[in-house]
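Reader: I would like a close look at a single part of this model, namely how two of its helices pack together and what surrounds them. Please take me through it carefully, in one connected account.

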Amino acid sequence: MNDAFRALADPSRREILRLLRQGPRSSGEIAEHFKSSWPTISRHLGVLREAGLILGERHGQQIIYELNTTVLDDVVEHLMGWLKPSDDTGGPYA
């Protein structure tokens, strides 16, 4: 979970996830949306992949990336747990 939160901390990586919401894309298609250099985008994709937020599958010389909704569901569930009232009776800061 910590890797996912670290990956989500960067605005460029969040933008990559937004792009992938529209469907799978090649690394080149993703890179076209950024002014950053190719090595920078490649690093971002690596961080997202290591965190389990995206999946990459090689098709010939291209790698096609897509969202890993299982991990994203886990992150959302974790965040939603923060919104549930505490079971203790000591108040929110006890």
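**The packing of α2 and α4**

Author: Helix α2 and helix α4, the latter spanning residues 38–50, pack at an angle of about 75 degrees, with their axes 10 Å apart. That angle makes α2 roughly perpendicular to α4, because values from 65 to 115 degrees are counted in that class. The structure is a predicted model, and what follows should be read with that in mind.

On the α2 side, the contact is made by S12, R13, I16 and L17, and these meet H44, L45, V47 and L48 of α4. Sorted by character, the residues of this contact comprise five nonpolar, two polar and one charged.

L45 of α4 deserves a separate word, since its contacts lead away from the helix pair. Once its neighbours within four places in sequence are set aside, L45 is in contact with I16, S27, I30, I54 and Y65. The largest nonpolar core, which has 19 residues, counts I16, L20, I30, L45, L48, L53 and I54 as the members with the most contacts inside it. At least two residues of this core come from each of α1 (2–8), α2, α3 (27–31), α4, β3 and α5 (69–83), and α2 gives the most, with four residues.

Helix α2, which covers residues 11–21, also lies across β1, β2 and β3, and its direction is at about 90 degrees to β3. These three strands form an open sheet in the order β1-β3-β2, with antiparallel pairing. The edge strands are β1 (25–26) and β2 (54–59), each of which pairs on one side only.

Between β1 and β3, the latter made of residues 62–67, the antiparallel pairing consists of two bridges, and here S26 stands opposite I64 of β3. On the other side, β2 and β3 are paired in the antiparallel sense over six bridges, with E57 having I64 in β3 as its bridge partner. I64 therefore faces a partner in each direction, because S26 stands opposite it and E57 is bridged to it, and strands of a sheet pair through backbone hydrogen bonds.

The link between β2 and β3 is a hairpin with two residues between the strands, and G60 in that turn has a positive phi of about 65 degrees.

To return to the helix pair, α2 thus takes part in two arrangements: it packs against α4 with the axes 10 Å apart, and it lies across the strands β1, β2 and β3.

Technical notes:
Residues numbered from 1 in each chain as written. Predicted model: local features only at pLDDT ≥ 70, side-chain atom pairs only at ≥ 80, totals over all residues. Heavy atoms only, no water. Pairing = 2+ DSSP bridges. Contact = heavy atoms within 4.5 Å. Axes fitted to C-alpha atoms, helices over the stretch in contact; angles between N-to-C directions. Parallel < 35°, antiparallel > 145°, perpendicular 65-115°, else oblique. Nonpolar A, V, L, I, M, F, W, Y, C, P; charged D, E, K, R; others polar. Core = buried A, V, L, I, M, F, W, Y, C linked by side-chain atoms within 4.5 Å. Buried < 20%, exposed > 50% of the residue type's maximum accessible area, 1.4 Å probe, protein only.
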